[in-house]
Amino acid sequence: MAETTHSRILILDFGSQYTQVIARRVRECQVYSQIVPFKTRAREIKALAPQGIILSGGPASVYGKGAPHPDPAIFDLGVPVLGICYGMQLMGHHLKGAVEHSTRREYGPGRLDLARECPLFDGLGASIDIWNSHGDKLTKLPAGFRSAGHTENSPYAAIEHPKKRFYGLQFHPEVVHTPRGKEILQNFVYRICGCRMDWNMGSFIEEACAQIRGTVGEDHVLLGLSGGVDSSVAAALIHKAIGDQLTCVFVNNGLLRANEAESVQRVFGENFHIRLKYVNASAQFLGKLRGVTKPERKRKIIGHEFIRVFDDAVKSLTGSSSKGASRGKNQSRFKWLAQGTLYPDVIESVAIAGNPAALIKSHHNVGGLPKKMRLKLVEPLRELFKDEVREVGAQLGLPKEIVQRQPFPGPGLAVRILGDVTRERLRILRDADTIVVSEMKASDWYYKVWQSFAVLLPVRSVGVMGDERTYENTVAVRIVESQDGMTADWVRLPYDLLARISTRIINEVKGVNRVCYDISSKPPATIEWE
């Protein structure tokens, strides 16, 4: 939480695609990590009382025009600093060393030979495999520094200033391609920074509940429940904190997977006894989508219609909340809107002033709220990564089918139907998707991959079924593996499983005579087709 008394490592973000990975690796050490913009002033950092600071990598050159630089005063705070790749070059540059463009760039696997005993590499032996991604290198050490390790191309691939507890790595310890990188980060947070292992989801739940109660008091809270991991865990957590002060609104937009509406009502209404208002707005959404084929137009229509339906649902709750009470009094009952916003949503969706990284996406949980509702936000998960949210959900007693559910797009099946969205095309896709999911679960592959789903293409082809010629639809199957959804690769499923999925779809889904397997990676493709 923002005012936590846990041990804290601050990560200054210089635009690296790996910044979130660093934060997650630190949290795997049960140490709280927080990402802040690279321009954060030293006095602000001091106020946060970190046990250590990590300077992330980045795509720039320290001597380049417009290159991001930190407040130099961070090196006077008296706390340990670890610079990674660009972060190491920044440290060398600001402390009067020299950084130059290398005539021999290092990308990919390499070998680090250690020069001496160094607490950063305690217990790792004389050499380790590493992963490089840089074109510049340190050519002159700042005063007080010494080399702790070298590669074939760089005598200063790892550096240290033992007295000030400053360390620099030219490689990336946070990526899986540096096999013992996690141990390096552990040595930094435990041995060098002296952090305690006091960040876990059990303590988070207790602190989050106390904070929720302290924030909302006796007010009532609304939450738009989708049935996905984030909103489900947020609902369970807030309900644990304030009970019947929480009311969830579940909107069936007609674009859900098979039996999803019934499942959500069963889990939250019957099992958790959470106040739940169910709104079946399928006809409204499908009516608005009639004839719409452009993906972005679909998304906007669904988003706008959701806000309108949600607003109407809130009005109906307000009007029926207490008989004989004035409308004005009822309206004041709901003062908070809860959302399942996660830490990556905040980082990726909110343009951090001066951050050199491009804005990745506009997330439906951040911004876009109906202004006329005038509700204050409560976002109890905004400090957590996805894996932490799943752990919280499991500890709160949510079933595995929700906690380990694969990501599902906000616009639902509308963006998995290429072209016009109709009841018949939704029926075809739902039936095909149900087969994909059921076969993945039966073969124990479902929980091993990031996402597995079907896509209905606007393509018909000739086929033969029995003795008859057919001219039916094509379904694409998309199954990918990923760590965070930012990059992804297609899964090399066993042929017999692919054959079983294909055979069942063609035999059991009326209107389909051809199944294709999508073998595109992200990038250049995206995970979803629209």
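This passage describes a parallel sheet, a helix pair and one buried serine in a predicted model. Local features are taken at pLDDT of at least 70 and side-chain atom pairs at pLDDT 80 or more, whereas totals for chains, interfaces and linings use all residues. Residues are numbered from 1 along each chain as its sequence is written, and side-chain values use heavy atoms, with hydrogens and water left out.

Five strands build an open sheet in the order β12-β11-β10-β13-β14, with parallel pairing (strands are DSSP runs of E, at least two residues, numbered from the N terminus; two of them pair if DSSP finds at least two bridges between them). At the edges lie β12 (275-280) and β14 (376-378), each pairing on one side only. From one strand to the next, the twist averages 30°. Within this sheet, β10 (residues 220-224) and β13 (residues 334-338) are joined in the parallel sense over four bridges, and L222 stands opposite L337 in β13.

Turning to the helices (DSSP runs of H or I, at least four residues), α6 (residues 229-242) packs against α12 (residues 386-395) at an angle of about 45°, with the axes 9 Å apart (axes are lines fitted to C-alpha atoms over the stretch in contact, and angles run from 0 to 180 degrees between N-to-C directions). The contact (heavy atoms within 4.5 Å) involves V229, D230 and V233 of α6 and K386, V389, R390, V392 and G393 of α12.

Elsewhere, S33 belongs to strand β2 (residues 32-37). S33 is buried (under 20% relative accessible area, 1.4 Å probe, protein chains only), at a value of 0%. Beyond its neighbours within four places in sequence, S33 contacts I9, I11, A23, V26 and R27.

How values were computed
Buried means under 20% relative accessible area, exposed over 50%, partly exposed in between (1.4 Å probe, protein chains only).
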